[in-house]
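Thank you all for making the time this morning. Before I begin, please bring up the sequence and the model on your own screens, so that you can follow along as I go.

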Amino acid sequence: MTARGLDDLITAIGDGHRPTADDAGRLAAATDLPALMRAATGLRDAGHGAVISYSRKVFIPLTQLCRDVCHYCTFAHPPRRGEPAYMTPEQVLAVARAGAEAGCREALFTLGDKPERRYRVARDELAALGHATTLSYLAEMAKLVLDETGLLPHINPGVMTADEIAAQRAVSVSQGIMLESASPRLSERGGPHFGSPDKRPEVRLDTIAEAGRQQVPFTSGILIGIGETRAERVESLLALRDLHDRHGHVQEIIVQNFRAKPGTRMADAPEPDLDELLWTIAVTRLLFGPEMNIQAPPNLSPGALPRLAAAGLNDWGGVSPVTPDYVNPEAPWPHLRALARETADCGHVLTERLAIYPAYTAEPDRWLAADLRTPVRRAIDADGFARVDDWTPGSTAPPPKVVAGIGSDGRSLRPVLDKAADGADLTEAEITRLFRARGDAFHAVCEAADGVRRAVNGDVVSYAVNRNINYTNICYFKCQFCAFSKGKLSENLRGRPYDLGLDEIARRVAEAWARGATEVCMQGGIHPEYTGRTYLDICRAVKQAVPEMHIHAFSPLEVWQGAKTLGQDLAAFLADLRAAGLGSLPGTAAEVLDDEVRAVICPDKIDTAQWLAVMAAAHAAGLRTTATIMYGHVERPEHWARHLLRLRGLQARTGGFTEFVPLPFVPMEAPIYLKGRARQGPTFREAVLMHAVARLALHPHIPNIQTSWVKMGPEGVRACLAAGANDLGGTLMNETITRAAGASHGQELPPAEMEALIRNCGRTPRQRTTLYDDVPAGRAGVGFDAAPLAPVVNTPARRYERAGQPRDLVRFGAD
């Protein structure tokens, strides 16, 4: 192929053409390294953005005996007098515990291949340990480390049978074996793999294929500079690509450069130069495309990290703050702070991952054994990277002082941020990109959102004096995130079932008015004996008690259920509610407006279209509503983007939403979390970004972004007010739903404390009505001198404790 033809091929691949086997053969002859690197970098950026990941690991060399005799290896050695062949369980745990204390998440088990088949001492020690094979002992040690320290095992055990892979899958989150080379020539006499039966390419490829059949997230790669040609490298990469095409299980490709080591047969062999490494990384990216994770160990190329990054990699591999690289002991790991700085200097942000990559954490039921799914879910953020803070919504633990991550030049987001500030509609891809901002890009998003807030709302922060009245906690729906509702089959949930009488509701309304409230916010479970008439009666009871009180009540779920029980359409029922005194609707029951997510967290609830239909009907009836999102459980940033787009689309048609309210998932008592099927709520970075990105994506359609003091806490409120939020919601007086889920921030924030919090954030407080009007002068100061609340009376739900099930319950989702 001519130079011009190669240039055209490289350009086509960079533009998205997937190279065929013939194209790959032509790439082997490519010599224009800058062109290769430019195309590779473009593909990497398309698939991974500014992130370069790494795993914080501890290295556990279970045994350094091996039946193979690779001519470049110093890790494996024959038995040594007085030196045990295997680490003992106590030694394994000591290393693992040191790693856990240092913040490691991965336990990397590396070992020689089946030494018991070559050395009697290995067989004898295994027998004393109660095992017949090294792989059997490895499985026991991996489970021990997982159970005792929480570190997630990644194992590099060499060639395995189907049964051996299955046994390791039960105790590890990922496995790996370096193909090194698919060239059988290297196993011939005089080659580096001569005398090493486990290095025969067909044997290693069989292991990798079997791992794919068993759906094991798998690491592989090539070792360059051991006598192979460029064409043989390309053939090796194509063999791995073919297996990945078949099974989808190759989570990363490692491009490792040979390092000559004293005392080996290849001690005097030439090492590949940096350009050779860069060429191979770039060609690997071109062959595998934008999504594959491509890694090169940073400790093997000191001083060259910017050029490695420019060749198209997106991962530095495992880095240990505790143990050396036993395979390359002459090459110490870079210090993590130095690695972060060097990565930032390349225009990227260093991001910690687990031993299993994000694409695989997104499908734990497919890629992980049952016992490993919960530990992984609880260790990841919404992108599937490692969760790097201990903050949990609703807890009193302080948020991180500095959001983790440096680097990732925020200027790359400037076109999207400027577009949002101008009020143009963002696409799903653009919104998702903002949600994934880290490091400097995170701060750029927050600053842009704060600028829009300042232009729209000034420095005023509003709030309402209100009271929450949750009239029943009985519910026949089974939302997996809810710790508030009580049903006959409630699992591990707080409190007794109750059902407030109208007299108690009226008493609470009158007390709230006396304490300065202008609103009662009323919601509850879907009691099986409630009908639309119940909701009408509640409205009338409120208005009879205090005619001036604004009723902000009934989620779209309650409205739909109420209409169905009365045989009315939405418009008719909403008209009746309004006539009975309803003033506006809360935008709860939205959770995440994406039916893929709703099928997991609330499968029997109204679906996305039904929620939007209720809101559209409410707006058409002259009722304003809020809009919410409940996030941080099983969903991903693309689901958040779709949620915002659906809200924006409806708001553009109706103008009926007064505000958007992000509600971070409070996990502590939520059934889906207790069962191990959800994350630990959003990270602090994600929680702040939800407010910031909402401000940008919903501008100019929804002018108010509220932050929840109950869920975010005072310091979280401060961060959100600097990232686009302009409203603190209500004083509440009684808060039961979030507290039932495990939150600790209290049930009431009185007006004086609310205004002190706002002033301490450098803003001006403003008491508002539900619809963001000014509070009448005679009401604005009442709450500052309020008497203490009288004890509440939660009427026991005796009627619901009778035998038998109600008939004809309204069900949703399939309607």
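I will go through two sheets, a loop residue and some helices, in that order.

First, what we are looking at: this is a predicted model, in which local features need pLDDT of at least 70 and side-chain atom pairs count only at pLDDT 80 or more, while totals for chains, interfaces and linings use all residues. Residues are numbered from 1 along each chain as its sequence is written, and side-chain values use heavy atoms, with hydrogens and water left out. When I say helix or strand, I mean a DSSP run, H or I of at least four residues for a helix and E of at least two for a strand, numbered from the N terminus.

Let me start with the sheet of six strands, which is open, has the order S11-S12-S13-S14-S15-S16, and is paired in parallel; two strands count as paired if DSSP finds at least two bridges between them. Its edges are S11, residues 466-470, and S16, residues 657-664, each of which pairs on one side only. On average, neighbouring strands in this sheet are turned by 25° against each other, with direction ignored; such angles are taken between N-to-C directions, from 0 to 180 degrees, with axes fitted to C-alpha atoms, for helices over the stretch in contact.

Within that sheet, S11 is joined to S12, residues 519-523, by five bridges in the parallel sense, and Asn466 stands opposite Glu519 of S12. S12 in turn runs parallel to S13, with four bridges between them, and there Met522 has Ala553 of S13 as its bridge partner.

Which residues cover the two sides of S13? His550 and His552 lie on one side and Ile551 and Ala553 on the other, and all are buried, meaning under 20% relative accessible area with a 1.4 Å probe and protein chains only, where over 50% would be exposed and anything in between partly exposed.

Now to the loop between S11 and helix H19 (502-514), where we find Asn473. Why does Asn473 count as buried? Because its relative accessibility is 3%. Its side chain has a polar atom 3.1 Å from the backbone oxygen of Arg496, and a polar atom of the Asn473 side chain also lies 2.7 Å from the backbone nitrogen of Tyr498.

The other sheet is an open one of three strands in the order S17-S10-S18, again with parallel pairing. S17 (727-730) and S18 (764-767) are the edge strands, each pairing on one side only. Helix H30, residues 751-760, packs on this sheet and touches S10, S17 and S18, with its direction at about 160° to that of S10; contact here means heavy atoms within 4.5 Å.

Turning to helix packing, H20 (residues 532-545) and H21 (residues 556-566) meet at an angle of about 115°, and their axes are 7 Å apart. On the H20 side the residues are Gly532, Arg533, Tyr535 and Leu536, and they meet Glu558, Gln561, Gly562, Thr565 and Leu566 of H21.

I will finish with H10, residues 274-288, a helix in which 13 of the 15 residues are buried. At its start, a side-chain oxygen of Asp273 comes to within 3.3 Å of the backbone nitrogen of Asp275, and after the helix comes Gly289, with a positive phi near 85°.

Technical notes: A polar contact is a pair of N or O atoms within 3.5 Å; within protein, one must be able to donate a hydrogen and the other to accept it, and residues adjacent in sequence count only if both atoms are side-chain atoms.
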